[in-house]
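Here are my notes on the two-chain model you sent round. Please read them with the structure open.

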2 protein chains.
Amino acid sequence: MEIVTATEQFDEPLYLESGRILDSFKLTYETYGELNEDKSNAIVVFHALTGSHHAAGRYENDSKSGWWNPLIGEDKILDTKKYFVICVNVLGSCFGSTGPMSNGDKEPLRLKFPVITISDMVASQMKLFKRLGIEKAHAIIGGSMGGMQALCCAVEYPAFTERVICLASTYATQAWAIAFNRLAMEGIVNDPRFENGHYGKDDFVNEGLFGFAVGRMAGHISFLSPHSMDSKFGRNYVETDGIYELFGRFQVERYMEYNGHNFAKRFDPLSYLYIIKAMNIFDATRNYDSLEHSLHHIKAKMTLIAFKEDKLFRPREMEEIKNTLVNVGRGNQVGYVCIDSDYGHDAFLIEYDKFDFYIEKALK
Amino acid sequence: MEIVTATEQFDEPLYLESGRILDSFKLTYETYGELNEDKSNAIVVFHALTGSHHAAGRYENDSKSGWWNPLIGEDKILDTKKYFVICVNVLGSCFGSTGPMSNGDKEPLRLKFPVITISDMVASQMKLFKRLGIEKAHAIIGGSMGGMQALCCAVEYPAFTERVICLASTYATQAWAIAFNRLAMEGIVNDPRFENGHYGKDDFVNEGLFGFAVGRMAGHISFLSPHSMDSKFGRNYVETDGIYELFGRFQVERYMEYNGHNFAKRFDPLSYLYIIKAMNIFDATRNYDSLEHSLHHIKAKMTLIAFKEDKLFRPREMEEIKNTLVNVGRGNQVGYVCIDSDYGHDAFLIEYDKFDFYIEKALK
């Protein structure tokens, strides 16, 4: 499977929900497979908070493949012999698209960068799809923040696709998720090396911002659940640490430490602030009287895949989307399934064999 | 009700579980009511992580009463007309008892202070009770870390009391709780003002250690649950903040911020490190072959009060204590109840009217 990575520059204003305007912007994206002649075989994959456009395949010299590699490729569920799969790095992120630390040739805007919403992310991507000639996608799909983009797209661009698949997501971020994001925000902002956003571009390459690492450790708690942590770590202690050493560690602590510090080296803290903000304020009902009124706009068939132990975006939130669609008379256009998994929120990036069947079915 | 606050100095070695020795130590404690002639009417109350010996009554000029005030006093459930209630500030804490920042007249040991265990906390208190002539207590009771002390005392000093009441606690701290404690630890240790434990005694009076405040915010998440956060905060936004301001806040964020920073001004960060360590390594089975073998030592009637939405010390953990006691033939000596509450772990400090009846019953 060939990986095509590209960046598209837009020298036209993007009017943001906040009232702010981006005079120009760029989007980096990746595609797998070939766009067919009538441009009807595109599947849009939306990435989550820390994801990027690199959803599948493996770059030369990289040890890891794209974040949804088991699902995207030849003869896989998103079959690149049949579909043209595209994934766009979201506005605000740090992997090539316009964000707080990337403003074309100009000085980065840092904390003066405007707040971005999920709706803004989708609006910018729609401009890209239009430029590529994709007026209508075969399907759109995403997990977590990717699911928010998919739902938002279904409401705001109802003619764009007939098939929408949301995994481990919500119609509006709830207090539990907001609280965890707050920890990350506090960690980043209070770290003196953050310098109120005026750090150097390469300051964190060798040693990530500690406060960011701690914030990310909080994230790793939120992706799991008390139950899934029991299964994964129990009370196992790190072999080389002493139980009576003040800083001796249980394995769950080493896991947090490892993931937190590694992540802080490869993700930009300002981008993280902007993206968690976009997630926090995501609310599909905001411009409408009610969730009914909002979801009423959807024309596509919705497939909702929740995970039992997901505490961040709980099955009940996904169920509310389903129930609302049923209430507005779209019961025949919605499928909901709750997958039994011990992995919590992370399940959509791990337990493919438990849910890929539902994606396959939805694509037909 | 008269509040008697006192400190007792012990010029004798305390042999700690870790193998370290405290040559001398002191304990600050508070009592309510009168010890009767045969010294048989004492009720020992064990405090939680951030509590102190000040469990009831109100000091002059204080706006708040002790942490369990609704339960302790004349004609209350722990009736001070009838009982002599005593609560001791635990070893390692910062409210008068020996801890990392308090070493009598000597220099504080700071990070050289030995790791303390729940068992050490109980052992030190037993010396105090002995000195006060209390060979046997009418009952012992505690929530959260206080429940750990109560359970530990029941196992290790089975003759000390016939009535043990544990609320919102566990037989061994599980990974979820350990993970949250890790956030606090990381926050404290990575804050430059912590100075590797060499901060000045009054450094944080006006402005708490920021990293500690963030760690405490994490704690405040763990005391709640996704469900209880929905009930308490929903997606309500702070009135004076803008939705499109990057640092605009939801009410749950303001709650965390307020509680985190306030707490960091009144609690010592080193004490916090030592006490969460004691909680993390608490495991009633550690010196035994199994939980059966451990709990087998208990002679008292056990009353276990769990709270449905408590994610930190879950009902299933309390249930395991009950089931184990049943398995070792003590079914007639154990009562277990799971209280339906929206408050999560905090319920044992809030929803008194839902559980005080069970305490009353247990004291008879």
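The points below start with the chain contact and end with single residues.

1. **Status of the model.** This is a predicted model. Local features are taken up where pLDDT is at least 70.

2. **The contact between the chains.** Chain B gives 42 residues to the contact, and chain A gives 42 residues. On the side of chain B that touches chain A, the elements giving two or more residues are helices H3 (175–190), H4, H5 (226–232), H6 (251–266) and H7 (269–280) of chain B. H3(B) supplies the largest share, 10 residues. By class, this side of chain B has 26 nonpolar, 7 polar and 9 charged residues.

3. **H3(A) against H4(B).** Start with helix H3 of chain A (residues 175–190) and helix H4 of chain B (residues 210–222). Their axes come within 10 Å and cross at roughly 175°. An angle over 145 degrees counts as roughly antiparallel, so H3(A) runs roughly antiparallel to H4(B). From H3(A), the contact uses A:Ala179, A:Phe180, A:Arg182, A:Leu183, A:Glu186, A:Gly187 and A:Asn190. From H4(B), the contact uses B:Phe210, B:Gly211, B:Val214, B:Met217, B:Ala218 and B:Ile221. The residues of this contact are 8 nonpolar, 3 polar and 2 charged.

4. **H4(A) against H3(B).** Now take H4 from chain A and H3 from chain B. The axes of H4(A) and H3(B) come within 10 Å, with a crossing angle of roughly 175°. H4(A) and H3(B) are therefore roughly antiparallel. H4(A) contributes A:Phe210, A:Gly211, A:Val214, A:Met217, A:Ala218 and A:Ile221. H3(B) contributes B:Ala179, B:Phe180, B:Arg182, B:Leu183, B:Glu186, B:Gly187 and B:Asn190. Here the contact of H4(A) with H3(B) divides into 8 nonpolar, 3 polar and 2 charged residues.

5. **H4(B) in its surroundings.** How many of the 13 residues of H4(B) are buried? The count is 12, so H4(B) is largely enclosed by the rest of the structure. Among the buried residues are B:Phe212, B:Ala213, B:Gly215, B:Arg216, B:Gly219 and B:Ser222. The buried residues of H4(B) pack against H3 and H4 of chain A, together with H3, H6 and H7 of chain B. The length of H4(B) is as expected: its end C-alpha atoms are 19 Å apart, which agrees with the 18 Å that 13 residues should span at 1.5 Å a residue.

6. **H9(B), a helix with a buried face.** Helix H9 of chain B (residues 315–327) has 13 residues. H9(B) reaches 18 Å from its first C-alpha to its last, close to the 18 Å expected. Its buried residues are B:Glu317, B:Met318, B:Ile321, B:Thr324 and B:Leu325. Seen down the axis, these buried residues fall within an arc of 120°, so they line one face of the helix. The cover over them includes helix H8 (291–295), strand S11 (301–307) and strand S12 (334–339) of chain B. After H9(B) comes B:Gly329, with a positive phi near 85°.

7. **Two positive phi values outside glycine.** Most residues other than glycine have a negative phi. Please check two residues by eye. A:Arg110 has a positive phi, near 50°. A:Arg110 sits in the loop between strand S8 (84–88) and helix H1 (118–131) of chain A. A:Arg110 counts as partly exposed, with 15 C-beta neighbours inside 10 Å. A:Ser144 has a positive phi of about 55°. A:Ser144 lies in the loop between strand S9 (139–143) and helix H2 (145–156) of chain A. With 28 C-beta neighbours inside 10 Å, A:Ser144 counts as buried.

8. **Two further serines in chain A.** Is A:Ser63 buried or exposed? A:Ser63 is exposed, with 6 other C-beta atoms within 10 Å. A:Ser63 is found in the loop between strand S5 (42–46) and strand S6 (72–73) of chain A. Its C-alpha is 40 Å from that of A:Arg20, 43 residues apart along the chain. A:Ser124 is in helix H1 of chain A and counts as buried, with 23 C-beta neighbours inside 10 Å. Leaving out residues up to four places away in sequence, A:Ser124 touches A:Leu14, A:Phe25, A:Leu27 and A:Leu91. The C-alpha atoms of A:Ser124 and A:Leu91 are separated by 7.5 Å, with their positions 33 residues apart along the chain.

Technical notes:
Residues are numbered from 1 along each chain as its sequence is written. Chains are lettered from A and ligands numbered from 1 in the order in which they are written. This is a predicted model: local features need pLDDT of at least 70, side-chain atom pairs count only at pLDDT 80 or more; totals for chains, interfaces and linings use all residues. Axes are lines fitted to C-alpha atoms, for helices over the stretch in contact, and angles run from 0 to 180 degrees between N-to-C directions. Helices (H or I, at least four residues) and strands (E, at least two) are DSSP runs, numbered from the N terminus. Angles under 35 degrees count as roughly parallel, over 145 as roughly antiparallel, 65 to 115 as roughly perpendicular and the rest as oblique. Two residues are in contact if their C-beta atoms, placed from the backbone, lie within 7 Å. Ala, Val, Leu, Ile, Met, Phe, Trp, Tyr, Cys and Pro count as nonpolar, Asp, Glu, Lys and Arg as charged, and the others, Gly among them, as polar. The expected span of a helix is 1.5 Å times one less than its number of residues. A residue is buried if 20 or more other C-beta atoms lie within 10 Å of its own, exposed if 12 or fewer, and partly exposed in between; C-beta atoms are placed from the backbone. The arc is that of the directions from the helix axis to the C-beta atoms.
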